[in-house]
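Q: I'd love a close look at one part of this model, followed outward to whatever lies around it. Could you walk me through it?

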Amino acid sequence: LRAGGVVLSQTAIADPGAGNFTTGTVNYTATASDAQLGKPIEVRLLSAGVQPNFDNVRLDSTLLSTRTPVAITNPSFEADVLGESGFVVGITGWTTGGNQGAFNPTAAQGFPTDGNNIAFSADGAGGTISQILSETLQANTNYQLTVDIIDRLDLSSPGYQVQLLAGGVLLAEDNNTLLPVTANGDFVTSLVSYDALAGDPQLGQALEIRLISAAGQQTNFDNVRLSTADIAIPEPGSMLIWSILGIFGIAVGYRRCSKKPFV
């Protein structure tokens, strides 16, 4: 994603395997002082020497002022004050099940995206960092969970999952769609989005965030954010019109089928 010829954000998409597809997501937040404001936006799809095939390119935007942040305890893992290269097992406000904690990397190890600390998960078989929120799932609401996945300079992340749940039930997840990171020591922002409609069975259940590492070396997370926005519901009059048009479409379709000669 570019503006005025300048790269705003990018991601590398791994080969999904024969007959499969994967979805690459690129996110960028333009602030009031952004140097590229007013410049034309450009989308580029690049190959890596073999034949890639692309489909269904979408670009959307949301004014930050239209979204409401959801409170998360210790969202950037700064509650533990650590010296450079210091770490602690366990994370204030989060539930951890093994070798997970907060870490203050040196300049030779990597760079947090918010504050001084990042979260690490270094279980050989993978591990989970989770938090159950006081916020509950509400009807006609869009939820966006964003988490920065940090690629350390001295380690390569084996993989990750970012999950949004309600009442212990998985609503949506990003299952390692953004790795590997293009530049060593950089980061990618995982975006998980979910629309809760009026008939959702998990309405009223407590929301939960889970950050899961893959088996291997170490996965690092930072700057966890969750926000909501109202989903526009059609006016009753427009819903009636669409219902009538739907019935008309069914009737016409049936008539056409009934006129088709038998073979």
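How many bridges join strand β1 to β2, and which way do the two run?

A: Happy to. A word on the source: this is a predicted model, in which local features need pLDDT of at least 70 and side-chain atom pairs count only at pLDDT 80 or more, while totals for chains, interfaces and linings use all residues. Residues are numbered from 1 along each chain as its sequence is written, and side-chain values use heavy atoms, with hydrogens and water left out.

Two bridges join β1 (residues 2-3) to β2, and the strands run antiparallel. Strands here are DSSP runs of E with at least two residues, numbered from the N terminus, and two of them pair if DSSP finds at least two bridges between them. Ala-3 has Val-6, in β2, as its bridge partner. The wider setting is an open sheet of three strands, ordered β2-β1-β3, with antiparallel pairing. Because β2 (6-7) and β3 each have a single partner strand, they stand at the edges, and one side of each is left without a neighbour in the sheet.

From the sheet we can move to the charged side chains. Arg-2, Glu-42 and Arg-44 are joined into one network by salt bridges that share partners; a salt bridge here is a side-chain nitrogen of Lys or Arg within 4 Å of a carboxyl oxygen of Asp or Glu. Between Glu-42 and Arg-44 the N to O distance is 2.6 Å. Glu-42 is partly exposed, at 27% relative accessible area, and Arg-44 is partly exposed too, at 44%. For these labels, buried means under 20% relative accessible area, exposed means over 50%, and partly exposed lies in between (1.4 Å probe, protein chains only).

Nonpolar residues come next. Ile-41, Val-43, Leu-45, Phe-54, Val-57 and Leu-59 make a nonpolar surface patch of about 590 Å². Patch members have over 30% relative accessible area and no salt bridge; like charges are joined within 9 Å, and nonpolar side chains (Val, Leu, Ile, Met, Phe, Trp, Tyr) within 5 Å. The areas come from the Shrake-Rupley method with a 1.4 Å probe, and for residues only the protein chains shown count as cover. One of the members, Leu-59, sits in the loop between β3 (41-42) and β4 (68-69), and Leu-59 is exposed at 56% relative accessible area.

Further along the chain are the aromatic pairs, of which the structure holds two. Rings of Phe, Tyr and Trp (its six-membered ring) pair if their centres lie within 6.5 Å; planes under 30 degrees apart count as stacked, over 60 as edge-to-face and the rest as tilted. Phe-77 and Trp-94 have ring centres 5.5 Å apart and planes at 45°, so this pair is tilted. Phe-77 is in the loop between β4 and β5 (87-89) and Trp-94 in the loop between β5 and β6 (95-96), so the pair ties together parts that are 17 residues apart in sequence. Both partners are covered: Phe-77 is buried at 1% relative accessibility, and Trp-94 is buried at 6%.

The other pair, Phe-87 with Phe-120, is edge-to-face, with 6.2 Å from centre to centre and 80° between the planes. Phe-87 belongs to strand β5 and Phe-120 to strand β8 (residues 118-121), so that this contact links distant parts of the chain, 33 residues apart. Here the partners contrast: Phe-87 is exposed at 54% relative accessible area, whereas Phe-120 is buried at 5%.Phe-77 deserves a second look for its backbone. Most residues other than glycine have a negative phi, and most peptide bonds are trans. Phe-77, though not a glycine, has a positive phi of about 65°. Asn-176, also not a glycine, has a positive phi of about 60°. Asn-176 is in the loop between β12 and β13 and is partly exposed at 28% relative accessibility. The loop between β12 (169-175) and β13 also holds Pro-180, which a cis peptide bond joins to Leu-179, with omega about 5°.

Key: Helix = DSSP H or I, 4+ residues; strand = E, 2+ residues; numbered from the N terminus.
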